[in-house]
Amino acid sequence: MSRLKELRKKRQYTQMKMQMLTGIDQSDYSKIESGKRYYSFEQCRKIALALDTSMDYLAELTDEEKPYPRKK
């Protein structure tokens, strides 16, 4: 889960800011970030959107941080 923290810090977001952007409670987000809790598909989607990256990058399936083109 180090990519989550890395991206959050890179964007200068706090865990409270992530709560506001994703709707995931700050304490739950903290557990996800530290690897003590897994996130659901929907939570992963919300986090990827908030951090402007792809779900594949969060899952470490790619090293490309840039998100895929999105529908308009």
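A charge sits over a ring if NZ of Lys or CZ of Arg is within 6 Å of the ring centre and within 35 degrees of the ring normal. This is a predicted model, and two pairs in it fit that description, as the table shows.

| Charged residue | Ring | Distance to ring centre |
|---|---|---|
| Arg-3 | Tyr-57 | 4.0 Å |
| Lys-17 | Tyr-13 | 5.7 Å |

Lys-17 lies over the face of Tyr-13. In the other pair, the charged end of Arg-3 sits over the ring of Tyr-57. What about rings paired with rings? The structure holds zero aromatic pairs.

Arg-3 has a second partner. Its side chain meets that of Asp-63 in a salt bridge, with 2.7 Å from N to O. This pair links distant parts of the chain. Arg-3 belongs to helix H1, while Asp-63 lies in the segment after helix H5 (55-58). The two residues are 60 residues apart. How many salt bridges does the structure hold? There are five.

Helix H1 also meets another helix. Two packed helices are described by the angle between their axes and the distance between the axes. H1 spans residues 2-10 and H3 spans residues 26-34. Their axes come within 7 Å and cross at roughly 120 degrees. That angle makes H1 oblique to H3.

Which residues make this contact? From H1 come Leu-4, Lys-5 and Arg-8. They meet Tyr-29, Ile-32 and Glu-33 in H3. By class, the contact has three nonpolar residues, three charged residues and no polar ones.

How values were computed
Residues numbered from 1 in each chain as written. Predicted model: local features only at pLDDT ≥ 70, side-chain atom pairs only at ≥ 80, totals over all residues. Heavy atoms only, no water. Phe/Tyr/Trp six-rings, centres within 6.5 Å; stacked < 30°, edge-to-face > 60°. Axes fitted to C-alpha atoms, helices over the stretch in contact; angles between N-to-C directions. Helix = DSSP H or I, 4+ residues; strand = E, 2+ residues; numbered from the N terminus. Parallel < 35°, antiparallel > 145°, perpendicular 65-115°, else oblique. Contact = heavy atoms within 4.5 Å. Nonpolar A, V, L, I, M, F, W, Y, C, P; charged D, E, K, R; others polar. Salt bridge = Lys/Arg side-chain N within 4 Å of Asp/Glu carboxyl O.
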